[in-house]
Amino acid sequence: MFWQREVESIDRGLLEKIQLERLKETVHRVYAHIPFYRRRFEEGNIAPEGIRTLGDIRKIPFTCNEDIQVNFPYGLLAVPKDDLVRLHTSSGTTGRPKAVFFSKRDIDQSTELIARCLVMTGMKRGDVLQNMMTYGLFTGALVMHYGAEKAGILVIPSGSGNTNRQIMLMQNFKTTAIHITPSYILYLAEVLEKKGIDPQRDLSLKRAFVGAEPYSEETRKKIEDIFKIDVYNSYGLTEMNGPGVAFECEWKQGMHIWEDNFLIEIIDPSTGDLLPEGQYGELVLTTLCREAMPILRYRTRDITSIIPGPCSCGRTHRRISRIVGRSDDMFIIRGVNIFPQQIERVLMGIEGVARNYQIILESLDEMRVQVEIDRGIFDGNVDRLLRFQKDMTNKLRSEILILPKVELLEPGVLPVFEGKAKRVIDKRTL
Ligand code: AMP
Ligand code: ZN
């Protein structure tokens, strides 16, 4: 199903023409209204007229996280303050918060993008979406909320947490879809199990839109298996409106990124060089439709790749692969670069692993993985438990190339996160 078929399956040649028009317009506007960008252009001897092709974007320097923080709060506005209608800030998982402002047109635009996302998964009038993201400064809940309403879907603004009430709402109003973080949905599964509620038998759930933090394909499978629903990956970041930047269609083979709104590049994070389709690198985004706060070449620090080739759904906007991690999430143990995602992938692929884990970096060459496992494995058979632990350790070693300490725990021991999870505890910096 399409929300705007002509836009979503637009001819690529025409799409690139529109992108170029919008890029030129954005470049002129930031030069005229945002002193930070004007200075950047002047320092680099770039004139807005010098941007004549999409490739010319590479003449423009990157915008980084720090640039947004330094210009806090109003330094990156391209419109008068009176034109602003909404403020969001980033969740502040990495450093100081960043303020992002929306004009009325920006609200409309981000709302349209969410409507596209939801409809392409098959959502329609009559569906009931329980929005289990935190309402407030975080974009996750409000942006999704507006978009779902626009698509004619009934939204339950339950927010995150209060799991018993969530379950009651799901039962009372026959919730068909939820919007949720991967860590919270795994916790929800645990609570349902404890209460003896069978998701398939006792709930009306068909879909979950899961995002706001990285998770692996193995976790997706695990969630789909527990709930017997379709899980769609949803990607976004505050600096780019929040959710609705990229989303999976019904084929669930990578996330379509809305290229009429965002110009995408994948770069080598260490050199800044452009990488070809198919290669993993850092995603860099330029807003093409943002009115209040346009951003050029924003380094997201998220590591992904552009999936080559068309999608079976007929949409022509390219797809990005699951985010493997953030360049700043990566840690180094014994000289080896490791993403928490690699560990999650291994753990969630092992039968008997429950839903929660934690990584503790003890020193420069020592890490500990604490993982909750199903109760059945604690049935008193020590040999079996030791074999399980050894097998897990070996699997981890073949993925991350170093030997971690593995600690097996009963379910419910590790901290639970209603919003974004904190999986890595770095004792080296405490
Ligand atoms: P925030 O600006 O606080 O909403 O955080 C945005 C960040 O969350 C992104 O830059 C990603 O690192 C992460 N994120 C959001 N959605 C996903 C997703 N589906 N998969 C992996 N990481 C995600
Ligand atoms: Zn598709």
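A salt bridge is defined here as a side-chain nitrogen of Lys or Arg within 4 Å of a carboxyl oxygen of Asp or Glu. By this criterion, a search of the whole structure finds 33 salt bridges. The model is predicted, so local features need pLDDT of at least 70 and side-chain atom pairs count only at pLDDT 80 or more, while totals for chains, interfaces and linings use all residues. Residues are numbered from 1 along each chain as its sequence is written, chains are lettered from A and ligands numbered from 1 in the order in which they are written, and side-chain values use heavy atoms, with hydrogens and water left out.

**View 1. Coordination of the zinc ion (ligand 2).** Cys249 (SG), His256 (NE2), Cys311 (SG) and Cys313 (SG) coordinate the zinc ion (ligand 2) at 2.1 to 2.3 Å. Donors are N, O and S atoms within 2.8 Å of the metal (3.2 Å for Na, K and Ca); water is not among the atoms, so sites may look incomplete. The angles among the 4 donor atoms run from 101 to 116°, and the site is tetrahedral, a term applied to four donors if all angles lie between 85 and 135 degrees. Ideal angles are 109.5 degrees for four tetrahedral donors. Along the chain, the donors of the zinc ion (ligand 2) follow the spacing C-x6-H-x54-C-x1-C. Two of these donors link distant parts of the chain: Cys249 lies in the loop between strand 8 (242-248) and strand 9 (255-257), and Cys313 in the loop between strand 13 (306-307) and strand 14 (319-320), 64 residues apart. Helices (H or I, at least four residues) and strands (E, at least two) are DSSP runs, numbered from the N terminus. Cys249 is buried at a relative accessible area of 0%, and Cys313 is also buried, at 12%. Buried means under 20% relative accessible area, exposed over 50%, and partly exposed in between (1.4 Å probe, protein chains only).

**View 2. The contact between domain 1 and domain 2.** The chain is assigned domain 1 (1-328) and domain 2 (331-429), with bounds that come from an automatic or database domain assignment. Their centres, taken over C-alpha atoms, are 29 Å apart. Domain 1 contributes 29 residues to the contact and domain 2 contributes 18 residues, where contact means heavy atoms within 4.5 Å. About 1900 Å² is buried between the two domains, 55% of it on carbon and sulfur atoms. Glu190, Glu218 and Lys222 supply 25% of the area that domain 1 buries against domain 2, more than any other three residues. Buried area is the accessible area (1.4 Å probe) that two parts lose on being put together, summed over both. The count between the domains is 1 salt bridge. Arg355 and Glu193 pair through their side chains in a salt bridge (3.1 Å, N to O).

**View 3. Surroundings of Thr26.** Thr26 belongs to helix 2 (residues 12-33) and is buried, at 0% relative accessibility. Apart from neighbours within four places in sequence, Thr26 is in contact with Thr287, Leu288, Pro294 and Leu296.

**View 4. Backbone geometry at Pro73, Asn162 and Arg334.** Most residues other than glycine have a negative phi, and most peptide bonds are trans. Phe72 and Pro73 are joined by a cis peptide bond, with omega about -5°; Pro73 lies in the loop between helix 4 (65-70) and strand 1 (84-89). Asn162, although not a glycine, has a positive phi of about 50°. This residue sits in the loop between strand 4 (154-156) and helix 7 (163-172) and is partly exposed at 43%. Arg334 has a positive phi of about 45°, lies in the loop between strand 16 (331-333) and strand 17 (336-338), and is partly exposed at 45%.

**View 5. Salt bridges of Glu217 and Arg375.** The side chains of Glu217 and Arg220 form a salt bridge (2.8 Å, N to O). These residues are separated by about one helical turn because they are 3 residues apart in helix 10 (residues 217-227). Glu217 is partly exposed at 30%, whereas Arg220 is buried at 3%. Arg375 and Glu410 form a salt bridge (3.7 Å, N to O) that links distant parts of the chain, 35 residues apart. Arg375 is exposed at 51%, and Glu410 is partly exposed at 41%.

Notes
Four donors count as tetrahedral if all angles lie between 85 and 135 degrees; four count as square planar and six as octahedral if opposite donors are over 155 degrees apart and all others between 65 and 115; anything else is irregular.
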